[in-house]
Amino acid sequence: MQVTETKFDPIALSILWSRLISIVDEAGTTLQRTSFSTVTRESNDFAVVLMDRKGRSIAQSSVSVPSFLGVLPILTKALLKDYFPLETWKEGDVVMTNDPWLCAGHKPDIGIVSPIFHEGSLIGFIGTIAHSPDMGGVLWGAGSRDLYEEGLMVPPTKLISEGKPNDTLFNILEHNVRAADQTIGDIRAQIAANDQGIRSLMKLMQENDLTDLQDLADAVINASEKAMREALLAAPDGSYQYSYDTDGDGLGNGCHFEITININGDEIHADYTGTSGAHPLSINAVLNYTFAYTAYPIKCTFSPDVPNNDGSFYPIKVTAPKGCLVNAQKPSPLGARNITGNMLHSVVFGALAKAVPEQVQADCGSACWCIVLNGEHKGKEFVEYFFLNGGYGARPNMDGEHVLSFPTNVANVPIEVLETDVAVRVTEKSLLQDSAGDGKFRGGLGQRFSFVNVGEKPLNISLLTEKTQTPAKGILEGKDGQMGSIQIIPEREFPPKGLDKLFPGEELILTLPGGAGYGNPSDRNKTAIAEDRILGYIS
Amino acid sequence: MKLGIDIGGTFTDFVLFNNENNQLYFAKTLTTYPDPTVGIFNGIKEIEEKFNFPVKNMNGIVHGTTLVTNAVIERKGAKTAFITTKGFEDVLEIGREMRYDIYDIFLTMPKPLVPRNLRMGVSERVDIHGNVVTPIDENSMENLASTLKENGIEAVGVCLLNSFANTSHEKRLGEYLSKHVPEMYYSLSSEIMPEIREYERSSATAMNAYVQPITDKYLKDFETQLRKSGFDGNVNIMISSGRLTTIDGARKSPIHLLESGPAGGAMAGVFFGKHLGEENLLCFDMGGTTAKACVIYEGEPEITNHFEAGRVKRFKKGSGLPVRIPVIDLIEIGAGGGSIARVNNIGLLTVGPDSASSTPGPACYNLEGEDPTVTDADLVLGYLNADYFLGGEMQLSVDAARKAIETKLAKPLGISIEEAAMGIHKIVNENMANAARVHVLEKGMDPRHFNMIGFGGAGPVHSFGVAKLLNTKRLIIPVGAGVTSALGFLVSPVASEKIHSHIMELNRIDWKEVNSFLTDMTNDGYAFLEQSGIAKKDAIVNRVVEMRYAGQGHEITIELPEGELNESCIAEIEKRFIKEYEFRYNRSIEGMAMEMVTWRVVVQGPTPEMKVKQFSTGVAAEDAYKGTRKVYFEETGYLDCPVYDRYALKPHEKFDGPAIIEETESTTVVGVNSSVQVDNDKNIIIDLH
């Protein structure tokens, strides 16, 4: 890669760049290792971003959740503009907020931003967002009717001022959330991660005689921007439309997405005009979040190899009518907005398949399904999250992987860890035969997962599912994937999105959707079909 | 007299230590495929003939091999089945559902070692506390046994849910299989890796089964042939933690051999560090296919339990199969003498990670290899001597090297052959220095505070360049630099490590139970050492526990107080935990309960003493100075560079760089602006200015 007008030669820049990335990864490891909730420690639902003093991202943790990575610089820029101007930050400050419009689109995602000082001057910021196990209100999920049922909202506030903790805020948090040990423990883990990142950055600066981050930030941001612009320039100009339907509440009130993507020279603009209005269920997404999940598949398509930072986003514009499903306004409920965000890649890839069919994948069996259990175990209240993923979409040159997280990137909670934390017994976890969409290349299989409440008390359960009414859509004549399903034994109604109880002895059986196919099934290689049959992927 | 034998991808190395005269002897042969014992006995024969030491006179042999790693990478293991709790057969394939690269939509996940049609469920269930919920179904075991026979299965891995809490069902299956399918190998997760998290435990167990038949056959052949040749001493096998096991131990848990060669290199680094009074060293080991860097801090390498084998995207974290076994923490880089150089699709010169290995080998081997490699570049630049490779046993062709570099690189790039060769040399050094730097930094240390020790067949050729990039002040090229891993085998202790996973809160521990299993684990360790002739009184016992704040998911390792444990130890354990936690994370949490997760007992024999006086591969010349030859350095271009014979160098001899120092197994390149001195024991010490 050629980098122009920087003080760094290409070798020095590549070394410093990879070190910046290892600094944020190391901070991420600290967060994961010192956290308490399964959502952070087992499933990796967090991100760390290093930013310059303008709030532009320079480096981000490697395998994190894309939405958080996209949102952190937007949050920090907003903090600087409207809440804490540059000159008001002091060494040892830590700012916290979970305001959905500033941060990651729903209250459980807590943003923690720390300033970085070097020899007395502010040189940048490091921020983390992690999904906190609880923020009060109703149990997290799609069960809330408005924003206020979704718990506590903390506007941007100094959680720590020049090293001194804001005891009032900690106190309020502690008295408003379930299993406070976990929520507070995770917030402390976020602070620890920021501190770790700052310490490592100081070492890097000292070793390389750097007094400031600005030149380095300019160099990496310019390089990433340039790579993105060059890739866009190589794509055919034009206007590409796609429309797409999703479950909505899963009970007949679905959602509709419309996208128009304009590629014009080295810029790209995605517009969601025509998309459904706000949904009564808490699945509405704020524009920050929509931007992050629209920019993400664009980055995957055009510039997957160059490390991501602010520069990758400059050529990308995302717009949506105010008040619609993907640009929600107060007081629309937002709790389960990830269900909507996780769909945007389908819409973006669908449109881009018309421009650059060799650079996109078919639809995945997303969104990621989330299950939250709450109750008492061994005399202590718990909130236990776990995630299940569907099949991955087929690619232009290969099949989709079975059961893989996309577009988010969260791991499952090991069965043995789940059974340690909660009185449930898992009865099956297996690949779901015949669930993938056929095609020249087939999608990946979904999964079947079931568990029983083996405790003596009912468990509060919040369930978030998708694609039980609408399938993953095949592209370029590829077939759709199989839809998911929810069953409870003994049989009764169970909301696909929302709150319920799982009574002792009841078993919940979930089948997750398969990924969609790419290209015409009649072009599929015969050996591949035979192999799928031997392995029981197809019957 | 003790012999170390290390089978690498390209060469098999031999180090013999004669404790009667404190001399070291070295040999190197090409690794033979498909049967590596051929190469071994070629080498043994060479040692017998050259130095007149018959193998039957030796008291001990220590062996390490890449066999296991290669079987996993190349998917050349046995036909393996996998048995688990019914309903969970796909856990091994589903993994953790997470991607290792978030922007690459074309990524592929590692295929499981056992395909879906060979994974079977048995009706049984144990809960998390170890209570039997569903007894194991004896009838379904019968069906399993016949299915295994019908499919011609050679090995089976068994991993049942929660088996770390209650091993009885796995044991029952093991008994049944050994009785009804006696010719088949089986691995039980409760013996291989008795720790919580079913996917990681399944992965290790399946891998152990997968490599067991070939390792077992190989080790049996190796031992039989050794005994036939009259050898009646102890045979030990090097494992990934830098310790030695017995042949039986290796046959039972072959996955512990995954990193045996690299671990040997690190242990040699420990030995030389102690010997030279260098407590903190960066070991740099470069062979035919990969390079490794390892940190030795205060005389010890760090051991980690996080390891992956068979990565699908080479060197990309998360793209391999997890194996939670104790491994010396080292970073592996796809850069070796055989690494192939090419011009990539955007017109840039790249080197590796793929290697020409020993067949077809670098172009200069003249064995039909057409791709230019790092070795070809080193030859063109004058670093290697075409007539003195492996002491002249293998003739290299400068013409073939030049031709490969010219056609594949220099012409397409429009540069000279020398420039292209220098480009290869520099890029490979840069790749290695970057990786080593990140590895040191990830440990929170500063690479400039470390001196470097360079070894491996290609290590001494590239160490100087890498040291320069890392701003290292001093570089040591030890005696036997071309065969260091094998040398490390001779200075590693025999040890056993026992693991017990049992989660309990620190304040509610049943100390009687803890003392009882710790004693059992310690006694097992003593018994193991006895098999290698080590008495209980000579053993060192190290007991640790992995613990965390209650509710966390990741542990840190704390050394347990000595002797019998009871309530009065709680304060001391808490203190140790808080100290370590604060060291790592700069803080601790007040009033939070702590819990113990995994208990480990290492029972270790003494570290073998080796007082090296001198080393020999034959008769040394009178004068070390052999004349000059044209050698290319970046700063100067070609110049007439002095060449020395390493064997003839005298203790305390001094000269300035640039210089080339030749020995049979390797060549040391000394760049400009440096001074060289030979220490008392003939190690080469290079100071970079």
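**Exercise 1. Domains of chain A**

Which domains does the domain assignment of chain A give? Determine also how the contact between them is composed.

*Solution.* The structure is a predicted model.

Step 1. The assignment gives domain 1, covering 10–222, and domain 2, covering 361–539.

Step 2. The C-alpha centres of domain 1 and domain 2 of chain A are 31 Å apart.

Step 3. To the contact, domain 1 of chain A supplies 22 residues and domain 2 of chain A supplies 25 residues. On the side of domain 1 that touches domain 2, there are 10 nonpolar, 8 polar and 4 charged residues.

**Exercise 2. Overall form of chain A**

Assess whether the radius of gyration of chain A agrees with that of a compact globule, and describe the fold in numbers.

*Solution.*

Step 1. For 539 residues, the radius of gyration of a compact globule would be near 24 Å; the value for chain A is 23 Å, so the two agree.

Step 2. Along the principal axes, the C-alpha atoms of chain A fill a box of roughly 65 × 60 × 40 Å.

Step 3. Of the 539 residues in chain A, 62% are buried, that is, 20 or more other C-beta atoms lie within 10 Å of their own.

Step 4. The secondary structure of chain A consists of 12 helices and 19 strands. Of the contacts in chain A between residues at least 6 apart in sequence, 76% link residues at least 24 apart.

**Exercise 3. The interface between chains A and B**

Identify the elements of chain A that give two or more residues to the side touching chain B, and classify the residues of that side.

*Solution.*

Step 1. The contact involves 56 residues of chain A and 45 residues of chain B.

Step 2. The elements of chain A in question are helices H1 (10–34), H5 (180–207), H7 (287–302) and H11 (415–421), together with strand S14 (424–431). H1(A) gives the most, with 10 residues.

Step 3. By residue class, the side of chain A that touches chain B has 18 nonpolar, 21 polar and 17 charged residues.

**Exercise 4. Helix H11 of chain B**

Locate the bend in helix H11 of chain B, list the buried residues of H11(B), and state what follows the helix.

*Solution.*

Step 1. H11(B) spans residues 398–413 and bends by about 50° at B:Glu406.

Step 2. Buried in H11(B) are B:Ala400, B:Ala401, B:Arg402, B:Ala404, B:Ile405, B:Lys408, B:Leu409 and B:Ala410.

Step 3. To read such a list, recall that an α-helix has 3.6 residues a turn, so residues three or four places apart point the same way.

Step 4. After H11(B) comes B:Gly414, with a positive phi near 70°.

Methods:
Residues are numbered from 1 along each chain as its sequence is written. Chains are lettered from A and ligands numbered from 1 in the order in which they are written. This is a predicted model: local features need pLDDT of at least 70, side-chain atom pairs count only at pLDDT 80 or more; totals for chains, interfaces and linings use all residues. Domain bounds come from an automatic or database domain assignment. Two residues are in contact if their C-beta atoms, placed from the backbone, lie within 7 Å. Ala, Val, Leu, Ile, Met, Phe, Trp, Tyr, Cys and Pro count as nonpolar, Asp, Glu, Lys and Arg as charged, and the others, Gly among them, as polar. The bend at a residue is the angle between axes fitted to the seven residues ending there and the seven starting there. Helices (H or I, at least four residues) and strands (E, at least two) are DSSP runs, numbered from the N terminus. A residue is buried if 20 or more other C-beta atoms lie within 10 Å of its own, exposed if 12 or fewer, and partly exposed in between; C-beta atoms are placed from the backbone. The radius of gyration is taken over C-alpha atoms; the globule rule is 2.2 Å times the number of residues to the power 0.38.
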